[in-house]
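Here is a short report on one protein model. Keep the sequence and the 3D view open while you read.

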Amino acid sequence: MRKDSRKFSIPYSPYIEAEEYLNLIENYKPFIENIYLGIPQLDNHISLQKKINEDIDCNKNTLQLLKRIKTQYKKLITYNSISINEDIDKVLNYFDTTIYPLIEKYNINGFILTNFNLAKKIKTDFPNIELHTSCNAFQWNIRQMEMWAKIGVDCFNPPREAARTPSMLKEMHNAGFKLKVLLNEACIYGCSHMYNHACAVSEHKNSLSTCCNDDLSNAFKTNLFLPRWLDEIDEYCDIYKLSGRSVLYKQLKNIFDAYILQKPFTYIHEYATMGKQNPINILQQRGINIKDTDIPDKLRYCECKQCKTCNVCGNLLKKSMGEI
């Protein structure tokens, strides 16, 4: 895939008014494969559970955007928590009565899902609709993907570790699956809190996840895939996914500029997304910013397999803190 032919799945943040957002993404239009977003009728994502500013009406902004882009862009609706905190028969009935009418009303092109039975129902009722799995479906092997493909899923989002695990990408690509790969979410590679945290988000609970596990060198052991590394995985990826459903305008623009336009940025937090307990954020709160150029290409491939004998990340932490 050439740089000028890359396609991106980009987020809509409901903290940005529809008109302002549409003006922003006009600059990247040739590279946009789809826009993905949550909707008020499916309250399943953290960006719809919190308010960072009481003056921002997230629900109003989202519905206004849907009205504005009925045909201009492909729109995918997310219902992708690791679990659905409700009986499945109630969920299926809710889609019948409440969500299905919205498909025609807003010209919804597809859904991003984690629930197999729901995906099967939607594809049966709407054979032409596009279905994607979510990285929260945690599909680690070909067998899992084959079962989803059998019911008509069109595109697969491997786990967050995929971009920094070349063997995973190669295997899935060689098996013939269309891949959408997440780039800029800086969760810890192989995070020990992964499932508990994902379930807590689904249930609107506090998981007390401390991402760094008392080791700030984990700031260099994340799933964050640097913009300059895209050439390395172009051959395996059909679509690149950018995280940013709960960021403000400036950071969303940074994310698009860094990955789509390949504009240089000094610090990785300028284009990464992360939680408050992420070590990158903890360091930033202490006035310590990690430079893009400080991260060696070796870390792109390492998969954290040699951490017992390799001290690259420990030395990078010391350098960032001014200790060496």
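Two strands pair if DSSP finds at least two bridges between them. Helices (H or I, at least four residues) and strands (E, at least two) are DSSP runs, numbered from the N terminus. This is a predicted model, in which local features need pLDDT of at least 70, side-chain atom pairs count only at pLDDT 80 or more, and totals for chains, interfaces and linings use all residues. Residues are numbered from 1 along each chain as its sequence is written, and side-chain values use heavy atoms, with hydrogens and water left out.

**Strand 4 and its neighbours**

Start with strand 4, residues 110-113. Strand 3 (residues 75-79) pairs with strand 4 in the parallel sense, over 4 bridges. Strand 5 (residues 130-133) also runs parallel to strand 4, and 4 bridges join the two. Which residue of strand 5 stands opposite Ile112? His132 does. In strand 3, Thr78 has Ile112 as its bridge partner.

Now follow the chain between the strands. Strand 3, helix 3 (residues 88-105) and strand 4 form a right-handed β-α-β unit. From strand 4 the chain passes through helix 4 (residues 116-125) to strand 5, and this β-α-β crossover is right-handed. A crossover is right-handed if, with the strands pointing away from the viewer, the path from the first strand over the helix to the second runs clockwise.

In a regular strand the side chains alternate between the two faces of the sheet. Are the two faces of strand 4 covered or open? Both are covered. Gly110 and Ile112 are buried on one side, Phe111 and Leu113 on the other. Buried means under 20% relative accessible area, exposed over 50%, and partly exposed in between (1.4 Å probe, protein chains only).

Thr78 lies in strand 3. Thr78 counts as buried because its relative accessibility is 0%. Its side chain makes a polar contact of 2.8 Å with the side chain of Arg245. A polar contact is a pair of N or O atoms within 3.5 Å; within protein, one must be able to donate a hydrogen and the other to accept it, and residues adjacent in sequence count only if both atoms are side-chain atoms.

**Three loop residues**

| Residue | Loop | Relative accessibility |
|---|---|---|
| Lys291 | between helix 9 (279-285) and helix 10 (298-301) | 36%, partly exposed |
| Glu303 | between helix 10 and helix 11 (312-320) | 18%, buried |
| Cys304 | between helix 10 and helix 11 | 26%, partly exposed |

Glu303 has a positive phi of about 55°, although it is not a glycine. Phi of Cys304 is near 55°, also positive in a residue other than glycine. Lys291 touches Thr266, Tyr267 and Ile268, not counting residues up to four places away in sequence. Contact here means heavy atoms within 4.5 Å.

**Empty space**

On a 1 Å grid over the protein atoms alone, a cavity is a set of points where a 1.4 Å probe fits but cannot get out, and a pocket is an open set with protein on both sides within 12 Å along at least five of seven lines; lining residues have an atom within 4 Å of a point. The structure holds 2 cavities of 30 Å³ or more. The largest cavity has about 60 Å³ of space. Its lining includes Arg164, Trp229 and Ile268. The second largest pocket has about 280 Å³. Helix 3 gives the most to its lining, with 3 residues.

Note on methods:
Grid points are joined across faces, edges and corners, and a volume is the space filled by probe spheres set on the points.
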